[in-house]
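User: I'd like a close look at one part of this structure, please. Take your time and connect the pieces as you go.

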Amino acid sequence: GRMRPWLLFSTIPMSIAYVSIWIVPPSTDQAVLTVYYLFTYCAYQTLLSCYHVPYTALTMYVSTDSKERDSATAYRMISEVLGTVVGALLQGLCITFFVGSKADACESDGDNPPDVIQDQVHNTSIVFSSESILRRKRLIYSVRL
């Protein structure tokens, strides 16, 4: 219907913008990096809105019965919450795995002995785990409303 072009034409640019957020340009000038990240982040958020607004509006076209629409919205929100929690946990595990393996292999990086690096990795995993728990609580609370 009317939502399809928005969903189709925003997906690929949104994916490109998301990947560009994580690409570091070969510049050491902080002003250039700041402008680059500001532009890519704003582009990603704009394209995400171009996708997400029509996606959330699709539940109005699922059924004419308001109870069925409410049920579909509840299932969609629960799936989004579970996806967010799993994604946040996987991100924390990936960081712990990849950075942790580098910290194990490192005998010393000069100023920071291996114990300090291990503490930093451990603190990073705690931050990501805490963030995922807070996101889950916030999203579950919003579903209850």
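How many aromatic pairs does the structure hold? Please start from there, and then tell me what surrounds the rings.

Analyst: Happy to walk through it with you. This is a predicted model, and the structure holds 4 aromatic pairs. One of them joins tyrosine 18 and tryptophan 22: the ring centres are 6.3 Å apart and the planes stand at 70°, so this pair is edge-to-face. The cut-off behind that label is an angle of over 60 degrees between the planes. Another pair is made by tyrosine 36 and tyrosine 37, with centres 5.0 Å apart and planes at 75°, so these two rings are edge-to-face as well.

Let's stay with tyrosine 18 for a moment. Its place is in helix α1, which covers residues 4-21. With a relative accessible area of 40%, tyrosine 18 is partly exposed. Its partner tryptophan 22 reaches 57% relative accessibility and counts as exposed, because the cut-off for that class is over 50%. The pair also belongs to something wider: ring pairs link Tyr18, Trp22 and Tyr44 into a cluster. On the outside, Tyr18 and Trp22 join Val19 and Ile23 in a nonpolar surface patch of about 440 Å². Tyr18 and Trp22 therefore appear both in the ring cluster and in the nonpolar patch, where residues need over 30% relative accessible area to be included.

The tyrosine 36 and tyrosine 37 pair can be described in a similar way. Tyrosine 36 has a relative accessible area of 22%, which makes it partly exposed. Tyrosine 37, at 30% relative accessibility, counts as partly exposed too.

Next comes helix α2, which spans residues 30-57 and contains leucine 48. Leucine 48 is partly exposed, with a relative accessible area of 27%. Follow the chain back from leucine 48 to proline 13 and you cover 35 residues, yet their C-alpha atoms are separated by 9.4 Å.

Tyrosine 55 also has its place in helix α2. Its relative accessible area is 29%, so tyrosine 55 is partly exposed. Its C-alpha atom lies 7.2 Å from that of leucine 7, although 48 residues separate the two in sequence. Leaving aside residues up to four places away in sequence, tyrosine 55 touches Leu7, Arg76 and Glu80.

Two of those contacts, Arg76 and Glu80, lead us to a charged pair. The structure holds 1 salt bridge, and it is here: the side chains of glutamate 80 and arginine 76 meet at 3.1 Å, N to O. That fits the cut-off for a salt bridge, because the nitrogen has to be within 4 Å of a carboxyl oxygen. The two residues are 4 apart in helix α3, which means that about one helical turn separates them.

The two partners differ in how they are covered. Arginine 76, which lies in helix α3 (residues 66-105), is buried at 13% relative accessibility, because buried means under 20%. Glutamate 80 has a relative accessible area of 24% and is partly exposed. Beyond residues up to four places away in sequence, arginine 76 touches Tyr55, Thr56 and Thr59. Tyr55 thus contacts both members of the salt bridge, Arg76 and Glu80.

If you work with thiols, the cysteines may interest you. The structure holds 0 disulfides. Cysteine 42 counts as partly exposed at 39% relative accessibility, and cysteine 50 is partly exposed too, with a relative accessible area of 23%.

Finally, here is the setting for these details. The protein chain has 4 helices and 0 strands, and along the sequence the pattern reads α-α-α-α. Buried residues make up 19% of its 145 residues. Among contacts with a separation of 6 or more, 57% are between residues 24 or more positions apart; the contact of tyrosine 55 with Leu7, 48 residues away in sequence, is one example. The accessible surface of the chain comes to about 10,800 Å², and carbon and sulfur atoms account for 67% of that area.

Technical notes:
Residues are numbered from 1 along each chain as its sequence is written. This is a predicted model: local features need pLDDT of at least 70, side-chain atom pairs count only at pLDDT 80 or more; totals for chains, interfaces and linings use all residues. Side-chain values use heavy atoms; hydrogens and water are left out. Buried means under 20% relative accessible area, exposed over 50%, partly exposed in between (1.4 Å probe, protein chains only). Contact means heavy atoms within 4.5 Å. Rings of Phe, Tyr and Trp (its six-membered ring) pair if their centres lie within 6.5 Å; planes under 30 degrees apart count as stacked, over 60 as edge-to-face and the rest as tilted. Accessible areas come from the Shrake-Rupley method with a 1.4 Å probe; for residues, only the protein chains shown count as cover. A disulfide is a pair of cysteine sulfur atoms within 2.5 Å. Patches are made of residues with over 30% relative accessible area and no salt bridge: like charges are joined within 9 Å, nonpolar side chains (Val, Leu, Ile, Met, Phe, Trp, Tyr) within 5 Å.
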